[in-house]
Every structure is written in C-alpha cells, then in structure tokens.
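User: I am new to this structure and would like a close look at a single part of it. Could you walk me through one sheet and what surrounds it?

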Amino acid sequence: MCVTTFSQTMITLSRFTYEISPVFIIMEEIVLKKMFEIVGWKENEGDGIFSPGGTISNLYSILVARYKYFPIVKTKGMAALPPIVLFTSEHSHYSFEKASAALGIGTENVIAVKGDERGKMIPSDLEAKILKAKAEGFVPFYVSATAGTTVYGAFDPIEDIADICEKHNLWMHVDAAWGGGLLLSKKHCFKLNGIKRANSVTWNPHKMMGVPLQCSAVLTREKGLLQACNQMQATYLFQRDKHYNTAYDTGDKTIQCGRHVDIFKLWLMWKAKGTSGFEHQINGCLELALYIYKTLKTKENFQLVFPEEPEHTNVCFWYIPPSLRGILKDYEWKAKLHKVAPMIKAHMMEEGAVMVGYQPLGDKPNFFRMVFSNPATTKSDADFLLEEIEKLGENIQFM
Ligand SMILES: *Cc1c(COP(=O)(O)O)cnc(C)c1O
C-alpha cells in the first residue's frame, strides 16, 4: 500500500515550483549539470529542462533560437519578423516540420539539406542552401545536425556544420535524441565530436539509455534563455516575495504549467548503474548491431541498404525471397521487392513471435530497419529475427 502511494506520488506530482516538489527540482538540476558536463560545456554554461519527448525538445530548441535572434516575436508574433528559414538534413526527424508548423514558421521554411549515401548531412550542400536562401530574401537562423538519424543511425559531421554556423552566425542545434547515449561510451563518443559547440542539444534518455518513456532533455548552452523566452510569471505560482531562491521555480522555463516528473527514474537508474553501467549496456547494443551486420553480409538472401558498418545500432536490410533471386533487377523487380517487407511483417504480426519495422526511403523500396536499444537482447535473438524472416519469406510468390 505504502509503496503504491509512494510511487503514485512520484509519477503524479506536478513541478511548477520548488515548494511543490523540492527533491525533484534538485534531482533535475543535478542530472542536467551532469549532462552539460558530458556534452562538454564550460562551468558557466548550460541550462535545460526535461520535456515530454524529443519532438518537444526539438520544438524548444527552435523556439529559443528564434527568441534569441528575434526577441520581439514573444509579444508581437511572427508578423513582426522577416521570412525566417531553418535547415536540417533530409534524414532528420519529422519533428522539425511539426514544430515549424506549430510555431507559425511553416513547413516549407524547413530546408532539407542533402545527405550522402550513408545518410550524413553534406556540409557543402548546407552552405549552398544557406547562400541560396539569403539570395532569395530569406533569413536563415537555425541549423539542426542529427547525431544518430532515426532510420540509418547516421551521425552528421558536427564540426563542419559548426564551422558553417559560426561563419553565418546561425544557431546550431544537435538532435541527439537517438545518439546522445553514445556520449556515455568512451569507445563511441567520438561520433559526436563537436557537440560542445552546439547552442542546444536534444537528448532522449528514453531511447538509447533504456529509461522508460517519457524522459527527454533539451539543453541550451546559454543560461537564462529558456526562462526569458517562456516565462509568463503567473502571480499565483511564481511570486517574487517567497522566502527561498525563486530560481528554483523552474516551471516557468517551460511552455507547460503542471509538469510530469520524468527525472526520478533517470536519476535512480544513474545512481544504480553508474555511467559505466550505461556505457556497458550501450556498448553491448552496438556490438549486437555489428553482429547482425556481419551475419547479414555472409547471407546471400539478404542485402544491406548501405555497405558500411553501422555507426549506431540501426541496421537496414532487404530480404530477397527465392522468387526474386538471380533475375534482372529492373523496375518490376524493385516493385516486387517493395512488397516483400510488408508481407513478412503481416505474417509476423499473425504469428506473434517477433516484429521489426520496415519502410521505404527516397527511391529505395521497403526495407527492414532493425535497431537495438534493449540491453536484454542477445545474439540468439538477432539470429532468431533473421531465421523468422527467412521462414516467413521463403515462399513469397508474385502474381
Ligand atoms: C525519436 C527521435 C525524435 C523524437 O523523439 P520522441 O521522444 O519520440 O518525441 C527526434 N529526433 C530523433 C533523431 C529521433 O530518433
């Protein structure tokens, strides 16, 4: 009984102000500080808030960046601004468009930068698109680099993107919703080199770190911006004449009023596992990705979407059923291959033994996308997945 009451309190408490949940406010402060340190920010840098997911964290980054360059937007709205545009790669998460629609910027003002074969943003295309937008009378203000793209698991070249942002005086965000966990791994953190130059970072502990939903942080290098951008100073909550330091009333940094307690589970897991515990489980997931990649390379009935080793735990591949092997790979072949993954997925759902996502991308027909983030997954689970695909796909026929 007591435990139930306790945990209910934990998950239902609102955190607008320090007086309501002092412990969680302090936990949030401590964990955020740790995250700033890991990102590589200096002692006097770093601010942030836990938000309801990476989509909202990305929205915050645009909101704060826009406020930094155009503070007038808070009171006068978009009509007071020049036509602003932002940039992110064609492989970035759809949340940038969603946020731009919500913030009144408009989805057409999110400019897609080309990625290479492997899904990494091409810096020269970024710069070309910035110059083109300027020439057409638009005002660039924000670039998002992705550290761990959702589909390919690619890491954009952050240092090169940071150079371009500095040159053109643009805000650099790093969407590390998926890849942020790799910062905890000495072996893999180099993939995010340059992240300390970011003006803001999205990091979802509910992804690679295995924290139960929801747990996402948006971090900004400059202190005070979240507060200045979002505060409304409602006098029934955020009184200035309280007897404690009202800087701890962090609720006004958010676009919410009441807020879910997302920090407790992360704080507790970090205490229990330590950074090295997270490192171990994250390295394990990356090893599994490498394992399935190597296995796929040896199998004739599978084909990788791109030949390089995975940088993250995403492994994208096609299953080629016997009826599609050894024939000309023309348009018709591709159209048939496009049907294979959905057919196998349908069988999987009927069988109920295993499931894996699939999707098309650009001109590529539907492929499977395996991602590892559950530390309990083993090599035999990975083998089982491939065996199931082979079993369910073996007899696929086309009319
Ligand atoms: C998952 C993901 C998001 C969105 O995070 P949610 O917590 O699901 O809203 C944003 N960016 C990237 C790169 C992601 O992989």
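Analyst: Happy to! A definition helps at the start: two strands count as paired if DSSP finds at least two bridges between them. Helices (H or I, at least four residues) and strands (E, at least two) are DSSP runs, numbered from the N terminus. With that in hand, strand β4 (residues 139-146) and strand β5 (residues 171-176) run parallel, joined by 5 bridges. One position to look for is Thr-146, which stands opposite Asp-175 in β5.

This is a predicted model, where local features need pLDDT of at least 70, side-chain atom pairs count only at pLDDT 80 or more, and totals for chains, interfaces and linings use all residues. Residues are numbered from 1 along each chain as its sequence is written, and side-chain values use heavy atoms, with hydrogens and water left out.

Now step back to the sheet around this pair. β4 and β5 belong to an open sheet of 7 strands, in the order β1-β7-β6-β5-β4-β2-β3, and its pairing is mixed. At the edges are β1 (47-51) and β3 (110-113); each has a single partner strand, so one side of each is left without a neighbour in the sheet. From one strand to the next, the twist averages 20°. For such angles, axes are lines fitted to C-alpha atoms, for helices over the stretch in contact, and the angles run from 0 to 180 degrees between N-to-C directions.

A helix joins the picture here. Helix α7 (residues 158-168) lies across β4 and β5, and runs at about 155° to β5.

Let us widen the view to the whole chain. The domain assignment gives domain 1 (2-261) and domain 2 (273-393); such bounds come from an automatic or database domain assignment. The C-alpha centres of domain 1 and domain 2 lie 31 Å apart. Their contact (heavy atoms within 4.5 Å) takes 27 residues from domain 1 and 26 residues from domain 2. Together the two domains bury about 2,200 Å², 58% of it on carbon and sulfur atoms. Buried area here is the accessible area (1.4 Å probe) that two parts lose on being put together, summed over both.

Charged side chains take part as well: 3 salt bridges are counted between domain 1 and domain 2. A salt bridge is a side-chain nitrogen of Lys or Arg within 4 Å of a carboxyl oxygen of Asp or Glu. Lys-186 and Glu-279 meet through their side chains in a salt bridge, at 3.1 Å from N to O.
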